[in-house]
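Hi,

Here is the structure I promised to pass on. Have a look at it first, and then read my notes below.

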Amino acid sequence: IVERAVLLFPGKTVTGKDVRNNLLRLRVPSRNEEQDALWAASQGLEGISGDTDLDSQSPLPHPSHYKGWFAYFDAIDLRRHLRDVEVVLIEAALEKTNGTISGAAEALNLRRTTLIEKMKKLMITFAMFFALVSSVFAERYVMVTHGEGKDPFWPVVQKGGEDAARAIGANFEYIFTPSGDMADMAKSIAAAAATQPDGLVVSLPDPDALGQAIKDAVAAGIPVITMNSGLESSASLGALMHVGQPEFLAGQKAGERAKAEGATKGICFIQEAYNTALTDRCGGYAEAIPTTNFDSSNDPATIPTRAAAGLQANPDVDAVLSVGPHVCVGVQQAIDELGMSVHHSCFDLSPPVMDLINAGKVQYTIDQQQRLQGYMPIIVLHLYNNGAGLLPGANIPSGPGFVDKSNASSVASLAGVDR
């Protein structure tokens with residue numbers, strides 16, 4: 001203690017308070033350890049309130065306490081010290097707000113953009129700080145899809161995106177359109193683009209309604225991949241590529257098989273008349289079998305009633321195509337209630353559809369493997385962003401494939417989850 005006193009207080013009187021508050025607590029720092037010394041010394045300082053009442057018991061040091069710095073030290077690396085204080089406070093604000101940039105900025109009384117710039121600058125300087133806030137700077141991908149939240153198809157797509165993001169350590173946001181209105185979906189795409197994600201994944205059921213929003217995102221420098229629907233329009237809108245099933249081809253395959261199994265005249269129940277992917281399915285099916293399209297609605301509660309009306313209006317049909325899994329279930333209910341015997345085939349998977357196939361009521365369903373439509377775009381965007389524009393040489397077709405009685409049992413456990 002005496003040696004410390006001689007070094008720290010040359011030519012000065014050392015009181016008992018100095019011994020308690022400084023010599024017993026303070027470790028003499030090296031030139032590169034000023035910050036550690038400061039915080040150790042600050043433990044013995046009384047805090048003051050905003051009205052500079054030095055007798056108050058605030059646990060935090062007040063700027064006025066630094067007046068006595070040079071009574072104990074010959075120098076200070078001011079830039080390093082202030083930088084380290086910023087690191088501590090930003091880290092604390094992020095921890096308090098669970099890593100939310102906006103919340104941390106508000107706590108620090110900074111603009112969000114100013115905080116981001118500070119974080120980037122400090123991250124370059126400090127590897128340790130980068131590790132502490134790396135989750136804030138993780139890649140972030142946003143997926144925007146159509147559908148009203150009633151179709152069991154989309155949770156599988158969402159799970160695919162979430163699984164892919166988890167695999168690469170990225171953040172993932174999923175947005176759908178409860179109203180089913182394409183103008184609302186276009187607004188959702190624009191809003192997502194405004195947050196400057198590292199990539200957008202967008203379904204494209206109506207290129208006319210959604211095209212401009214996608215073009216604007218591309219123009220803003222955001223890489224976009226379309227998925228599920230809109231294959232024919234994807235490239236013209238500036239998307240990097242498309243992941244999905246060639247829907248007209250899938251409809252053709254469904255129609256060819258139905259014809260080979262004896263179907264001669266069909267009705268196609270479609271839940272989204274605006275969706276070009278669904279109309280392509282019906283159109284491809286009609287290449288093999290004369291087919292009438294009928295709006296089933298997208299609401300599982302009303303599909304059986306609408307389907308019954310369509311079947312009664314077309315009593316001479318012997319084949320039915322349902323272009324969605326919930327449509328398949330509702331249409332089959334109407335078929336059973338009317339006591340009809342028709343060739344029924346569907347699109348996409350769900351546990352109830354697997355049950356209908358195993359029961360012999362549905363001959364087959366087309367599997368477009370929608371998990372791939374959620375999973376692959378996130379992986380491709382990650383590779384693109386981190387591999388100097390690395391991309392597959394062509395679009396990725398996720399289907400079509402058939403699920404029928406021969407393989408329904410093995411697929412059933414995955415239906416509605418990963419298939």
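**What I found**

Let me start with one residue: Ile-335 is found in helix α15. Please keep in mind throughout that this is a predicted model. With a relative accessible area of 3%, Ile-335 is buried, since buried means under 20%. Leaving out residues up to four places away in sequence, Ile-335 touches Leu-311, Val-320, Met-340, Val-342 and His-344. Take Val-320 from that list: it sits 15 residues from Ile-335 along the chain, and the two C-alpha atoms are separated by 9.6 Å.

Helix α15 (residues 325-338) also holds Cys-328, which brings me to the disulfides.

**The disulfides**

How many disulfides are there? The count comes to two. In case you need a reminder, a disulfide is a covalent bond between the sulfur atoms of two cysteines.

Cys-328 is bonded to Cys-346, with 2.1 Å between their sulfur atoms. The torsion about the S-S bond here is about 65°, so this disulfide is right-handed. Cys-346 lies in strand β9 (residues 343-347) and Cys-328 in helix α15, so the pair ties together parts that are 18 residues apart in sequence. Both Cys-328 and Cys-346 are buried.

The other pair is Cys-268 with Cys-282, whose sulfur atoms are 2.0 Å apart. This link has -60° about the S-S bond and is left-handed. Here strand β6 (residues 266-270) carries Cys-268 and helix α13 (residues 276-286) carries Cys-282, so parts that are 14 residues apart in sequence are tied together. Cys-268 and Cys-282 are buried too.

If you count the bonded cysteines along the chain, the pattern is 1-2, 3-4.

**Two packed helices**

Next, have a look at helix α8 (residues 153-168) and helix α17 (residues 370-386), which pack at an angle of about 30° with their axes 7 Å apart. Angles under 35 degrees count as roughly parallel, and α8 and α17 are therefore roughly parallel to each other. Their crossing is right-handed.

Which residues make the contact? On the α8 side they include Phe-153, Val-156, Val-157, Gly-160, Gly-161 and Ala-164. On the α17 side, Gln-370, Arg-371, Gly-374, Tyr-375, Ile-378 and His-382 are among them. Sorted by type, the residues of this contact divide into 10 nonpolar, six polar and three charged.

**Another residue in α17**

While you are at helix α17, find Leu-381, which lies in it. Is Leu-381 buried or exposed? Leu-381 counts as buried, at 0% relative accessibility. Setting aside neighbours within four places in sequence, Leu-381 is in contact with Tyr-141, Gly-199, Leu-200, Val-201, Pro-223, Ile-225 and Leu-240. Ile-225 is worth picking out on your screen: Leu-381 and Ile-225 are 156 residues apart in sequence, but 7.9 Å apart in space, C-alpha to C-alpha.

**The whole chain**

Finally, some overall numbers. The protein chain has 18 helices and 12 strands. Of its 419 residues, 45% are buried. If you take contacts between residues at least 6 apart in sequence, 67% of them join residues at least 24 apart.

Cheers

Definitions and conventions: Residues numbered from 1 in each chain as written. Predicted model: local features only at pLDDT ≥ 70, side-chain atom pairs only at ≥ 80, totals over all residues. Heavy atoms only, no water. Axes fitted to C-alpha atoms, helices over the stretch in contact; angles between N-to-C directions. Helix = DSSP H or I, 4+ residues; strand = E, 2+ residues; numbered from the N terminus. Parallel < 35°, antiparallel > 145°, perpendicular 65-115°, else oblique. Left-handed = near helix turned anticlockwise from the far one by under 90°. Contact = heavy atoms within 4.5 Å. Nonpolar A, V, L, I, M, F, W, Y, C, P; charged D, E, K, R; others polar. Disulfide = S-S within 2.5 Å. Buried < 20%, exposed > 50% of the residue type's maximum accessible area, 1.4 Å probe, protein only.
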